[in-house]
Amino acid sequence: MLNQPIPLRSRPLEVRLPPLHDKQQEIMQDDSRFKVIVCGRQFGKTALGAAAVVSGAAAGGDYGWVAPSFRIGELGWRMINRLAQQIPGTKVQERPVYRMQFQSGGTIQMWSSEHPDSLRGMTLNGVVFDEAALARPEAWPTLRPTLSVRQGWAWFISTPKGLNWFHKLYEDAGHMDHWERWRIPSSENPYLPNEDIAMAK
């Protein structure tokens, strides 16, 4: 009898995600490989991205979180860390590595787009570009090959910042296969009172 292969990754871990409002659920459940998500402030886009990478890593995949800088990325990293703390055996490395290892074998790592060459060489199941409108334009084409082997996905989440590369990506996503896009104002977040939005304006 042949020896049975030893699995490289253990069974997926269960993780309880925070409740998502209807628009977040719509984005999460959409099966497009590439998603461009233009949202107003306080929509919950960073929390949505954090839920996506933690649930994927708990199931044994390898995920990336790319921010315009480590300072900006730390907000998302804190959200990821809070979700990961409920999973026994998760190992977290903070500065300067920003890496998590799950018992399932899955990983999450954060990088800054300030140094695009640091985005080479990985093999990923998915990546979130947080505040993508502020990222260096060459970060995406540098990182794109890391998704090819596993047919990984990419999310680009940001508030708009003028007619930059993120704006072009949003426009292009409207007519490319396997891409979907959303443009959602803060007013569609049910947790934000409309009265307060009107007052802020």
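Start by colouring the protein chain by secondary structure: from the N terminus on, its elements run α-β-α-β-α-β-β-β-β-α-β-α-β-α. That gives 6 helices and 8 strands, where helices (H or I, at least four residues) and strands (E, at least two) are DSSP runs numbered from the N terminus.

Before you click further, a word on the ground rules. This is a predicted model, in which local features need pLDDT of at least 70 and side-chain atom pairs count only at pLDDT 80 or more, while totals for chains, interfaces and linings use all residues. Residues are numbered from 1 along each chain as its sequence is written, and side-chain values use heavy atoms, with hydrogens and water left out.

**Stop 1: the whole chain**

Switch on the surface. The protein chain exposes about 11,100 Å², and carbon and sulfur atoms supply 52% of it; accessible areas come from the Shrake-Rupley method with a 1.4 Å probe, and for residues only the protein chains shown count as cover. Of the 201 residues, 48% count as buried. Here buried means under 20% relative accessible area, exposed means over 50%, and partly exposed is in between (1.4 Å probe, protein chains only).

Now think about contacts, meaning heavy atoms within 4.5 Å. Among those with a separation of 6 or more, residues 24 or more positions apart account for 69%.

**Stop 2: helix α2**

Select residues 45-58, which make up helix α2. Its 14 residues reach 20 Å from the first C-alpha to the last, close to the 20 Å expected at 1.5 Å a residue; the expected span is 1.5 Å times one less than the number of residues.

How many of the residues of α2 are buried? The count is 12 of 14, so to speak a mostly covered helix. Among the buried ones you will find Lys45, Thr46, Leu48, Val53 and Val54. Just after α2, click on Gly60, which takes a positive phi of about 105°.

**Stop 3: Asp130**

Next, select strand β6 (residues 126-130) and go to Asp130. Asp130 is buried yet has no salt bridge, a salt bridge being a side-chain nitrogen of Lys or Arg within 4 Å of a carboxyl oxygen of Asp or Glu. Which side chain of opposite charge is nearest to Asp130? That is Lys45, 6.5 Å away, which you have just met among the buried residues of α2. For the charges, Lys and Arg count as positive and Asp and Glu as negative, while His and the chain ends are not counted.

Show what surrounds Asp130: leaving aside neighbours within four places in sequence, Asp130 is in contact with Thr46, Trp65, Val66, Ala67, Pro68 and Ile157.

**Stop 4: the aromatic rings**

Display the Phe, Tyr and Trp side chains. A search of the whole structure finds 12 aromatic pairs. Rings of Phe, Tyr and Trp (its six-membered ring) pair if their centres lie within 6.5 Å; planes under 30 degrees apart count as stacked, over 60 as edge-to-face and the rest as tilted.

Zoom in on Phe34 and Trp179: the ring centres are 4.7 Å apart and the planes stand at 25°, so this pair is stacked. Phe34 sits in strand β1 (residues 34-39) and Trp179 in strand β8 (residues 179-184), so the pair ties together parts that are 145 residues apart in sequence. Both Phe34 and Trp179 are buried. Widen the selection to Phe129, Trp140, Phe156 and Trp165 as well, and you have one aromatic cluster that includes Phe34 and Trp179.

For another geometry, select Trp77 and Tyr98. Their ring centres are 5.6 Å apart with planes at 85°, so the pair is edge-to-face. Trp77 belongs to helix α3 (residues 70-84) and Tyr98 to the loop between β3 (91-93) and β4 (99-101), 21 residues apart. Trp77 is buried at 2% relative accessible area, and Tyr98 is buried at 3%.

**Stop 5: the salt bridges**

The structure holds 6 salt bridges. Stay with α3 and pick Glu74, which forms one with Arg95, the closest N and O atoms being 2.7 Å apart. Arg95 is in the loop between β3 and β4, so this pair ties α3 to a part 21 residues away in sequence. Is Glu74 buried or exposed? Glu74 is buried, at 18% relative accessible area, whereas Arg95 is exposed at 62%.

Finish with Lys23 and Glu26, whose closest N and O atoms are 3.3 Å apart. They lie 3 residues apart in helix α1 (residues 22-29), about one helical turn. Lys23 is partly exposed at 25%, as is Glu26 at 37%.
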